[in-house]
Amino acid sequence: MNEVIFSSSNPVTLVGGGAHDASVLRDCLRHAPEVVAADSGADVALSCNIIPDAVVGDLDSVSADARAAIPADRLNRIGEQDSTDFEKCLRSIDAPAILCAGFFGDRLDHQLAVLSVLARYDARHMLVGPVDVVFAAPRRIALDLPFGTRFSLFPMRQVAGRSRGLRWPIDGIDFTPDGRIGTSNEVAGPVELETDGPGLLVILPRSAFAQVLEAWGLTG
């Protein structure tokens, strides 16, 4: 476990080296202008004319050009290989929320690794992509979303909960990744979701980005 490298009283944008969408990054920066890059995310940030406030990871994928452009004291190498660069970043940032852009991509193994890490952190971390936003369900959350909005739940471990405002309530269901899951549910009213423990991922359309931030008390 490494120490905190970057601390902020405001939400932070974490830039990964995966598939990049300029509109996603703009949305994140609007609410979280301070930037940390995960390894090769440094090159992505620089391609958008952003010099990251910190770069964290094993730094094996940062280009020579990026190393030359970013002040040396912002490059933070964590050499251990028992965790991904994504996890190294999450445990190195102290902030009210982390908005993660560039962590959706073509490699399924990388995507599964990111989701596994996300489910382990009981914090306000959100993956933001061109199509979806994903975050770990807290013990309680209320979301005001349009009727019919896709509302998917995927368990990364055994977990149960209760819901209001979903077309198919989850009360009494024991979710497991190799058993009952909760994808393709729909919003039927104001949503209230409670969980008995960690490990349940909420997957919503990208259009729900602002509503999630509002539920976290991070807008206005």
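This note goes through two pockets and one strand residue of a predicted model.

1. Because the model is predicted, local features need pLDDT of at least 70 and side-chain atom pairs count only at pLDDT 80 or more, while totals for chains, interfaces and linings use all residues. Residues are numbered from 1 along each chain as its sequence is written, and side-chain values use heavy atoms, with hydrogens and water left out.

2. The largest pocket (an open set of points on a 1 Å grid over the protein atoms alone, where a 1.4 Å probe fits, with protein on both sides within 12 Å along at least five of seven lines) has a volume of about 520 Å³, taken as the space filled by probe spheres set on the points. Its lining, meaning residues with an atom within 4 Å of a point, comprises 22 residues, and G17, D85, F103, H110 and V114 lie nearest the centre.

3. Among the helices (DSSP runs of H or I, at least four residues), α4 (85–90) and α5 (108–120) each supply at least two residues of that lining, with α5 giving the most, four residues.

4. The second largest pocket holds about 170 Å³ of space; of its 15 lining residues, R124, A136, A137, P138 and W216 are the closest to the centre. Strands (DSSP runs of E, at least two residues) that give two or more residues to this lining are β9 (132–136) and β10 (140–143).

5. G182, in strand β14 (residues 182–195), is buried (under 20% relative accessible area, 1.4 Å probe, protein chains only), at 13%. G182 touches F151, S152, L153 and F175, not counting residues up to four places away in sequence, where contact means heavy atoms within 4.5 Å.

Key
Buried means under 20% relative accessible area, exposed over 50%, partly exposed in between (1.4 Å probe, protein chains only).
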